[in-house]
Amino acid sequence: MQAAIKARSNAYAPYSNFLVGCALLLENGTIIHGNNQENAAYPSGLCAERVAIFAAGANYPGVSVVKMAITAGPVEGDFEEPVPPCGACRQSIAEYESRQSSPIELLFMGTSGKVARSKSLGDLLPLIFDRNYL
Ligand code: THU
């Protein structure tokens, strides 16, 4: 979570003013940072979680992701409620979980306060659409 807090400080979110930081721990001990990257053409931006997990897939193929930490909240003020990953990010993380055949633990928080945990992404996304349907 300390790595996610560091990643959040580099978020680029001038439109929403909602900063998200994400850190992945890989099985080889590497930590990958991600943060939301917004764009004047709004849908062209990307969430912190997908920036991080796609960076892992691009730079460390075949290395499993053990856990993901997320911290999120507005630029101004404190946000104490844990912020879970959006549906599109859950779908993307699910792909990695199934690809590596091992669970990815999630830890998520606001900017302070309690940290929520899930032992597996699958617990946050029942009835996953995956490659078996194709
Ligand atoms: N955002 C994330 O980075 N992760 C999520 O799971 C939800 C939303 C970003 C996208 C956008 O830059 C901002 O938060 C407001 O939606």
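**Entry 1: G29**

I started at G29, which I found in the loop between β1 and β2 (31-35). The model I am working from is a predicted one. G29 comes out as partly exposed, at a relative accessible area of 47%. I then took a C-alpha to C-alpha distance from G29 to A3: the two are 13 Å apart in space, with their positions 26 residues apart in sequence.

**Entry 2: A3**

That led me to A3 itself, which belongs to helix α1 (residues 2-8). Is A3 buried or exposed? I have A3 down as buried, because its relative accessible area is 18% and the cut-off for buried is under 20%. From A3 I also looked across to L25, 22 residues away in sequence; their C-alpha atoms are 9.5 Å apart.

**Entry 3: F108 and P74**

I went next to F108, in strand β4. F108 is buried, with a relative accessibility of 9%. I checked F108 against A4, and the C-alpha separation is 9.5 Å for a pair 104 residues apart along the chain.

For P74 I noted a place in strand β3. P74 counts as partly exposed, at 26% relative accessibility. I paired P74 with A41, 33 residues apart in sequence, and their C-alpha atoms turned out to be 21 Å apart.

**Entry 4: T71**

I stayed in strand β3 (residues 65-74) and looked up T71, which lies there. T71 is buried, at a relative accessible area of 2%. What does the side chain of T71 have beside one of its polar atoms? I found the backbone oxygen of G110, at 2.5 Å from a polar atom of that side chain.

**Entry 5: positive phi**

I looked for residues other than glycine with a positive phi and wrote down N17 and S101. For N17, phi is about 55°. N17 sits in the loop between α1 and β1 and is partly exposed, with a relative accessible area of 41%.

For S101, phi is near 55°, again positive without the residue being a glycine. S101 is in the loop between α3 (87-100) and β4 (105-109). I list S101 as exposed, because its relative accessible area is 66% and exposed begins over 50%.

**Entry 6: cysteines**

How many disulfides does a search of the whole structure find? The search returned zero. I then took C22, which is in no disulfide; its nearest cysteine sulfur belongs to C89 and is 8.2 Å away. C22 is buried, with a relative accessible area of 0%.

Why is C86 not bonded to C89? The closest cysteine sulfur to that of C86 is the one in C89, at 3.7 Å, which is too far for a bond. The limit I applied for a sulfur pair is within 2.5 Å. C86 is partly exposed, at 31% relative accessibility.

**Entry 7: the ligand**

I finished with the ligand. Which residues surround the ligand? I listed S16, F18, V20, N36, E38, C47, A48, E49, P85 and C86. C86 is thus on this list as well as in the cysteine entry above, with its sulfur 3.7 Å from that of C89.

I went through the polar atoms one residue at a time:

- The side chain of E38 has an N or O atom 2.4 Å from an oxygen atom of the ligand.
- The side chain of N36 has an N or O atom 3.0 Å from an oxygen atom of the ligand.
- C86 takes part through its backbone, where an N or O atom lies 2.9 Å from an oxygen atom of the ligand.

I then looked up the area. The ligand taken alone exposes 370 Å², and the protein buries 75% of that. The space that the ligand takes is the largest pocket. Which elements give two or more residues to the shell around the ligand? I noted β1 (18-26) and α2 (48-59).

Conventions. Residues numbered from 1 in each chain as written. Predicted model: local features only at pLDDT ≥ 70, side-chain atom pairs only at ≥ 80, totals over all residues. Heavy atoms only, no water. Buried < 20%, exposed > 50% of the residue type's maximum accessible area, 1.4 Å probe, protein only. Near = heavy atom within 4 Å. Polar contact = N/O pair within 3.5 Å; in protein donor to acceptor, adjacent residues only side chain to side chain. Areas by Shrake-Rupley, 256 points an atom, 1.4 Å probe, with all protein chains shown as cover. 1 Å grid on protein atoms, 1.4 Å probe; cavity = no way out; pocket = protein on both sides within 12 Å on 5 of 7 lines; lining within 4 Å. Sits in = over half its atoms within 2 Å of the grid points. Helix = DSSP H or I, 4+ residues; strand = E, 2+ residues; numbered from the N terminus.
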